[in-house]
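Q: Please take a close look at one part of the structure shown below. I should like a connected account of its burial, its pairing and its surroundings, with the cut-offs stated.

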Amino acid sequence: QVQLVESGGGSVQPGGSLRLSCAASGGTSRRYMGWFRQAPGKEREGVAFISITGSTYYTDSAKGRFTISQDNAKNTLYLQMNSLKPEDTAMYFCAARSTWYYGAWSNLAAPGEFDSWGQGTQVTVSS
């Protein structure tokens, strides 16, 4: 499995920005990487995803505000989050999938489709 370590979380006021990073090491090829989040008392939900070829997918919660990117030379995944809202408050997790997926992006954006996980980084949006 791939080892994933997130960083960059913190507290920010509504309307602010944060950039999360996820450093990857070990394991086999990472065909897809993504960001999930989980708020207290809620299920883990997909946020943004990127394939090894650079194709991206955003769930409705992220569209227009978040940008996922990767630096393959540094083995690092990023999530730039702008215009943050209190409802974005959650633990954010980086995840990786080692195999190709041939279905719809919307179906890939589920926790069960990923086989490696980081420990998470907390994002709190509050005034």
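A: E113 is partly exposed, at 27% relative accessibility; on this scale buried means under 20% relative accessible area, exposed over 50%, and partly exposed in between, with a 1.4 Å probe and protein chains only. The model is a predicted one, in which local features need pLDDT of at least 70 and side-chain atom pairs count only at pLDDT 80 or more, while totals for chains, interfaces and linings use all residues. Residues are numbered from 1 along each chain as its sequence is written, and side-chain values use heavy atoms, with hydrogens and water left out.

The partner of E113 is R97, and the closest N and O atoms of this salt bridge are 2.9 Å apart; the term denotes a side-chain nitrogen of Lys or Arg within 4 Å of a carboxyl oxygen of Asp or Glu. Side chains of opposite charge can pair when their charged atoms come close. R97 belongs to strand β9, whereas E113 sits in the loop between α1 and β10 (116-117), so the pair ties together parts that are 16 residues apart in sequence. Here helices (H or I, at least four residues) and strands (E, at least two) are DSSP runs, numbered from the N terminus.

R97 itself is buried, with a relative accessible area of 11%. Its contacts, apart from neighbours within four places in sequence, are S29, R30, R31, Y32, L108, E113, F114 and D115, contact being heavy atoms within 4.5 Å. One of these residues, Y32, is part of a second, separate core of eight residues that also includes F49, Y101 and A109; such a nonpolar core is a set of buried Ala, Val, Leu, Ile, Met, Phe, Trp, Tyr and Cys residues joined through side-chain atoms within 4.5 Å.

Strand β9 also contributes to the largest nonpolar core, as one of the elements that give two or more residues to it. That core has 27 residues, of which M33, W35, L79, M81 and Y92 touch the most other members. Y92 touches, among others beyond four places in sequence, W35, R37, L79 and M81.

A covalent link is also found in β9: C94 lies in this strand and C22 in strand β3, 72 residues apart. The two are joined by a disulfide with an S to S distance of 2.1 Å, the criterion being a pair of cysteine sulfur atoms within 2.5 Å. The S-S torsion is about -75°, so this disulfide is left-handed. Both C22 and C94 are buried.

After β9 comes the loop that runs to α1 (105-108), and W100 is placed there. W100 is partly exposed, with a relative accessible area of 36%. Together with I52 and Y102, W100 forms a nonpolar surface patch of about 360 Å² accessible area.

The R97 and E113 pair can finally be set beside the other charged pairs, five salt bridges being found in the whole structure. R37, which is buried at 7% relative accessibility, meets E45 at 2.6 Å, N to O. E45 is partly exposed, at 35%, and these two residues are linked with R65 and D88 in a network of salt bridges. K63 and D60 meet at 3.2 Å, N to O, and D60 is exposed, at 67% relative accessibility.

Key:
Patch = residues over 30% accessible without salt bridge, like charges linked within 9 Å, V, L, I, M, F, W, Y side chains within 5 Å. Areas by Shrake-Rupley, 256 points an atom, 1.4 Å probe, with all protein chains shown as cover.
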